[in-house]
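Q: Could you take me through one part of this model in detail, with its charged pairs and what packs around it? I'd like a connected walk-through rather than a list.

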Amino acid sequence: TRHLYILRICPDKLNIDRAGFFAAMGAENICCNVHYIPVYYHPYYEHLGYERGLCPHAEKLYDEMMSLPLYYGMTDTDVEDVITAVKKMVDYYRK
């Protein structure tokens, strides 16, 4: 089963970054999340000497990705609310 629906915020196509899109979705009452944090961002690995910049492509993707709600109990109305909010944000922030 699917458990995450990942959305990539492409800065070359939108006038908003992930944090702004995240906040705008929250204003639409859509609870999003951020997953797939690069492992070496965690303090344990930083303590071992791993530094940011190690995997620039992964870090760029991390900065641009967020997870939309996706869970078993979502109703059709919930799904439509998420779709409507994403379309609204994309239309508003499109370059």
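**From the core to a buried glutamate**

A: Let's start with Leu7, which touches Phe21, Glu64, Met65, Met66, Leu68 and Val86, leaving out residues up to four places away in sequence. Keep in mind that this is a predicted model. Leu7 is also one of the residues with the most contacts inside the largest nonpolar core, a set of 16 residues, and it shares that role with Phe21, Met25, Met66 and Leu68. Helix H1, strand S2 and helix H4 (76-93) each supply at least two residues of this core. H4 gives the most, with four residues.

Now follow the contact from Leu7 to Glu64. Glu64 sits in helix H3, which covers residues 56-64. Glu64 has a relative accessible area of 6%, and the cut-off for buried is under 20%, so Glu64 counts as buried. If you skip the neighbours within four places in sequence, Glu64 is in contact with Leu7, Arg8, Ile9, Pro11 and Arg18. Glu64 has company in H3, too: the buried residues of this helix are Glu59, Tyr62 and Glu64. The cover over them includes strand S1 (5-8), helix H1 (18-27) and strand S2 (65-68).

What does the carboxylate of Glu64 pair with? Its side chain makes a polar contact with the side chain of Arg8, at 2.8 Å, and the two side chains also meet in a salt bridge, with 2.8 Å from N to O. Because Glu64 lies in helix H3 and Arg8 in strand S1, the pair ties together parts that are 56 residues apart in sequence. The two partners sit in unlike surroundings: Glu64 is buried at 6%, while Arg8 is partly exposed at 42% relative accessibility. There's a third player as well, since Arg8, Lys60 and Glu64 are linked in a network of salt bridges. As a general point, side chains of opposite charge can pair when their charged atoms come close.

How many salt bridges does the whole structure have? A search finds five. One of them joins the side chains of Glu28 and Lys88, again with 2.8 Å from N to O. That pair links distant parts of the chain, with Glu28 in the loop between H1 and H2 and Lys88 in helix H4, 60 residues apart. Here neither end is buried: Glu28 is partly exposed, with a relative accessible area of 31%, and Lys88 is partly exposed, with 43%.

Another salt bridge is formed by the side chains of Asp91 and Arg94, at 3.3 Å from N to O. Asp91 counts as exposed at 52% relative accessibility, whereas Arg94 counts as partly exposed at 48%.

To finish, a look at the surface. Val39, Tyr44, Tyr45, Leu48, Tyr50 and Leu54 form a nonpolar patch there, with about 610 Å² of accessible area together. One of its members, Leu48, lies in the loop between helix H2 (43-47) and H3, and H3 is the helix that holds Glu64.

Key: Residues are numbered from 1 along each chain as its sequence is written. This is a predicted model: local features need pLDDT of at least 70, side-chain atom pairs count only at pLDDT 80 or more; totals for chains, interfaces and linings use all residues. Side-chain values use heavy atoms; hydrogens and water are left out. Buried means under 20% relative accessible area, exposed over 50%, partly exposed in between (1.4 Å probe, protein chains only). A polar contact is a pair of N or O atoms within 3.5 Å; within protein, one must be able to donate a hydrogen and the other to accept it, and residues adjacent in sequence count only if both atoms are side-chain atoms. Contact means heavy atoms within 4.5 Å. Patches are made of residues with over 30% relative accessible area and no salt bridge: like charges are joined within 9 Å, nonpolar side chains (Val, Leu, Ile, Met, Phe, Trp, Tyr) within 5 Å. Accessible areas come from the Shrake-Rupley method with a 1.4 Å probe; for residues, only the protein chains shown count as cover. A salt bridge is a side-chain nitrogen of Lys or Arg within 4 Å of a carboxyl oxygen of Asp or Glu. A nonpolar core is a set of buried Ala, Val, Leu, Ile, Met, Phe, Trp, Tyr and Cys residues joined through side-chain atoms within 4.5 Å.
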